Amino acid sequence: MSLEARGLTYAYVPGKPVLQGVSLAVAPGDFVFLLGANGSGKTTLLECLGGLRLPQEGTVLLDGRPVAQLAPRERAKRIAYVPQFAEAVFAFTVEELVLFGRAPHLGPWGRPGPRDREKARQALALVGLEGLVERAVPTLSGGEKRLALIARALAQEAPYLLLDEPDAHLDPAHQHRVLAVVRALAREGLGVLATTHNPNAALVYGGRVVLLRAGRTLGAGAPAAVLRPELLEAAYGIPFRAVGDGPGPQALLPRLDEGLT
Amino acid sequence: MRAALRGAVRAPGRVRRAALCALLVVLPLPVLFASLFLGRAGLDPGQVLGAFLGRAEPTVRNLVLRVRLPRAVAAALVGADLAVAGAAFQGVFHNPLVESRILGVSAGAGLGAALAMVLRSGPAGVQILAFGGGLAAAALAASLGAAFGGGLLVLVLSGILVNSFFSALLGLIKYFADPYVQLPGITFWLMGGLPAVLWREVLPLAIVSGMGLALLLLLSWRLNLLTLSEAEAQALGLPVRRLRLGVIALGTLLTAAAVSVSGIVGWVGLLVPHAARALVGPDHLLLLPAAAGLGAAVLLLLDNVARTAFATEIPLDILTGLLGVPVFFALFMRQIQRGGGWR
């Protein structure tokens, strides 16, 4: 049982691959963080894993079967994807937004019924938004919006959850709220892969870390083992220092004394 | 405080929105009835009822059942079709400033109608060629869009190209048309209006409108999902491109059917969906019927003004333009004052 990428190569422009032979696996109960500089291929990898892009080389396997062979609805029942930004052109209510997650479980002409409404309520309760059911999505704060999107993914009842920068643009309290909710979901048995630009979030919440550089895997494993200053410097191109005592680093910060201005 | 604030911005409850929707759906009925006794020959409601019950004198009967009723029904259907197609297009294009003419339907219909007039093929020919021209233009824009990669922006770009090309062809026909008979006919057709609408023109419009509306209603929940970004809708297992083309095809069918009877009528397809959305919310299950009812009522009212305000008829597109611009301005200012984007 896993969602697995094997030797993925993807190029938007022929000859300029943004992913080169990347492999990784997410199993139920995993909370894996994907790190790497802007343009290192994180979002592309996430979209390949979600079946939204077809890699030119390599395969994505869902419990051993190629994702590309699944019908879109079947794929959506197994893999949920939460984008970093969601268009909110029209003022749907939070409940209506979460009900969209029921789409793969409904026939082509179907509409959500009382059972789907119940599932949506449960999903909203899991992320702590049960009080905002009737609110219009554009009136939500950034953190609430992110949680509503996670609730929509939960309403999909998919065993795997892919999150694109779930902690971006959020204040520390909301970052914690979102990531703690996701960690709790992983502990319940969901397989979660999330991209982030914050190594410390991966240290605090993550079970495993995959570090990308220019479309290749630079390191993979336990957060404290991968998130070392040398590897981070190789990934981001600036020096880092580890802060804190104990078996591993407590935090990683850019090193300002080394000619960084 | 925060709780009170939340209560204030809470979306109106579903029950209230459904009730408003029901109200908007029946709104055209009294307007339609009123349209039957308004006119140069003023009739009282008793005479109109008499005409329906077969108790009125033949001239009144004829006036009500063969002149005013088909025209009123046509106005209601045209208004409903344009508003529903506009609402569907705004959803598909994630853009509340879009209407169903964006893919060149009107330009194509105008070309078809002008061609029919130059070929002297009669009113039926004008309706058929306008309908066909509208469908052909949108199909061309959609295939161009697909050839460019199929995204939303290239679809808009293709629509601009087709609009421009068909307008140029229309200009060519106008240039070579007989300036005393054909050119005025073409010009008046392009300004829109419903004078002398006959039942045999209304019937095909009613059939296409009924089918298009029913299918769009069946798709209404999927249409909600189409307002999401393409990646999100795809991730939810939706066949985005196929569904999008299906909705565009239905909206185009409605628009072409309407325009082939009324000529070009602007603004209704842009503003009525806005007003309907403000009243019943963005869920297309309520929005489409609400837009249909409101669009029908608005166009009925405007057509009554068009045929009764002055000794000669005022073209509909002139009226919708005169009214549409200030209404649009008011909506826009209200939106800015509320500090929000388009909802």
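This is a short talk about one sheet in chain A and one pair of helices in chain B.

Please keep in mind that the model is predicted.

I'll start with chain A. What is the order of the strands in the open sheet? Reading across, it goes β6-β7-β8-β3-β9-β10, which makes six strands, and the pairing is mixed. As general background, strands of a sheet pair through backbone hydrogen bonds, and they can do so parallel or antiparallel. At the edges of this sheet are β6, residues 79-82, and β10, residues 216-221, both of chain A, and each of them pairs on one side only. From one strand to the next, the twist averages 15 degrees.

Now look at the β10 end. Strand β9 of chain A covers residues 208-213 and runs antiparallel to β10(A), with five bridges joining the two. If you want a place to put your finger, find Leu211(A): across from it, in β10(A), stands Gly219(A).

At the β6 end there is a helix. Helix α5 of chain A, residues 142-155, lies across β6 and β7 of chain A, where β7 is residues 160-163. The angle between α5 and β6(A) is about 170 degrees.

On to chain B. Helix α6, residues 105-118, packs with helix α13, residues 240-262, at an angle of about 40 degrees. Their axes are 10 Å apart, and the crossing is right-handed. Which residues make the contact? From α6(B) they are Val105(B), Ser106(B) and Ala109(B); from α13(B) they are Thr252(B), Thr255(B), Ala256(B) and Val259(B). Sorted by class, that contact has four nonpolar residues, three polar ones and no charged ones.

That's it from me.

Conventions: Residues numbered from 1 in each chain as written. Chains lettered and ligands numbered in written order. Predicted model: local features only at pLDDT ≥ 70, side-chain atom pairs only at ≥ 80, totals over all residues. Heavy atoms only, no water. Pairing = 2+ DSSP bridges. Helix = DSSP H or I, 4+ residues; strand = E, 2+ residues; numbered from the N terminus. Axes fitted to C-alpha atoms, helices over the stretch in contact; angles between N-to-C directions. Contact = heavy atoms within 4.5 Å. Left-handed = near helix turned anticlockwise from the far one by under 90°. Nonpolar A, V, L, I, M, F, W, Y, C, P; charged D, E, K, R; others polar.
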